[in-house]
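Visitor: Could you walk me through this model and show how each label follows from its cut-off?
Guide: Gladly; here it is.

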Amino acid sequence: MARTRTGAELIDDSYKRADLEGATDRFPRTEVLRYVNQGGAALYDRLIAARGRAFFAKKPAITITTTASTSRYLFGSGGVANDFYRLSAVRLGGAG
């Protein structure tokens, strides 16, 4: 699940994880935020190296309307999404 965090929250969490709360003279907040951003970029580079750029290129949402008699769905070639690679999440909702 994606989360949205502010720069201030990331900085505060970084100080807490490093057990350096209050050490802003030694590690200024702007410097810590720069390190956090660099770490995010390095993580993205590693994910791209592991899975390839195309794996992270799209975030398609597929909506399927079911009936009582439907139990199987074909993904991939000829199915719901021609560029489907791997199912990463399913969200099931009901009326009511």
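Visitor: Let's start with Arg29. Why does Arg29 count as partly exposed?
Guide: Arg29 has a relative accessibility of 33%. Buried means under 20% relative accessible area and exposed over 50%, with partly exposed in between (1.4 Å probe, protein chains only). The 33% of Arg29 falls in between, so Arg29 counts as partly exposed.

Visitor: Before we go on, what kind of model is this, and how are residues numbered?
Guide: This is a predicted model, with residues numbered from 1 along each chain as its sequence is written. Local features need pLDDT of at least 70 and side-chain atom pairs count only at pLDDT 80 or more, while totals for chains, interfaces and linings use all residues; side-chain values use heavy atoms, leaving out hydrogens and water.

Visitor: What makes Arg29 and Asp12 a salt bridge?
Guide: The term asks for a side-chain nitrogen of Lys or Arg within 4 Å of a carboxyl oxygen of Asp or Glu. For the side chains of Arg29 and Asp12 the N to O distance is 3.0 Å, so the pair meets the rule. This pair links distant parts of the chain, with Arg29 in helix α2 and Asp12 in helix α1, 17 residues apart. Asp12 is partly exposed, because its relative accessibility is 33%.

Visitor: How many salt bridges does the rule give?
Guide: The count comes to 3. Arg5 and Glu9 meet at 3.4 Å, N to O, and Asp13 pairs with Arg5, their closest N and O atoms being 2.3 Å apart. Arg5, Glu9 and Asp13 are thus linked in a network.

Visitor: Are the members of that network buried or exposed, or something in between?
Guide: In between: Arg5 is at 30% relative accessibility and counts as partly exposed. Glu9, at 35%, counts as partly exposed, and so does Asp13, at 30%.

Visitor: How do you know what counts as a helix, and how many are there?
Guide: Helices (H or I, at least four residues) and strands (E, at least two) are DSSP runs, numbered from the N terminus. The protein comes to 2 helices and 0 strands.

Visitor: What makes the span of α2 close to the expected one?
Guide: The expected span is 1.5 Å times one less than the number of residues. Helix α2 (residues 29-51) has 23 residues, and its first and last C-alpha atoms are 33 Å apart, close to the 33 Å expected. Gly52 follows α2, with a positive phi near 95°.

Visitor: Why are α1 and α2 called roughly perpendicular?
Guide: Their axes come within 9 Å and cross at roughly 95°. Axes are lines fitted to C-alpha atoms, for helices over the stretch in contact, and angles run from 0 to 180 degrees between N-to-C directions. Angles under 35 degrees count as roughly parallel, over 145 as roughly antiparallel, 65 to 115 as roughly perpendicular and the rest as oblique. The crossing angle lies in the perpendicular range, so the name fits. Residues making the contact (heavy atoms within 4.5 Å) include Ile11 and Tyr15 of α1 and Val32 and Leu33 of α2.

Visitor: What does Phe27 touch, and where is Phe27 found?
Guide: Phe27 is in the loop between α1 (7-17) and α2. Not counting residues up to four places away in sequence, Phe27 touches Tyr15, Leu20 and Val32. At 23% relative accessibility, Phe27 counts as partly exposed.
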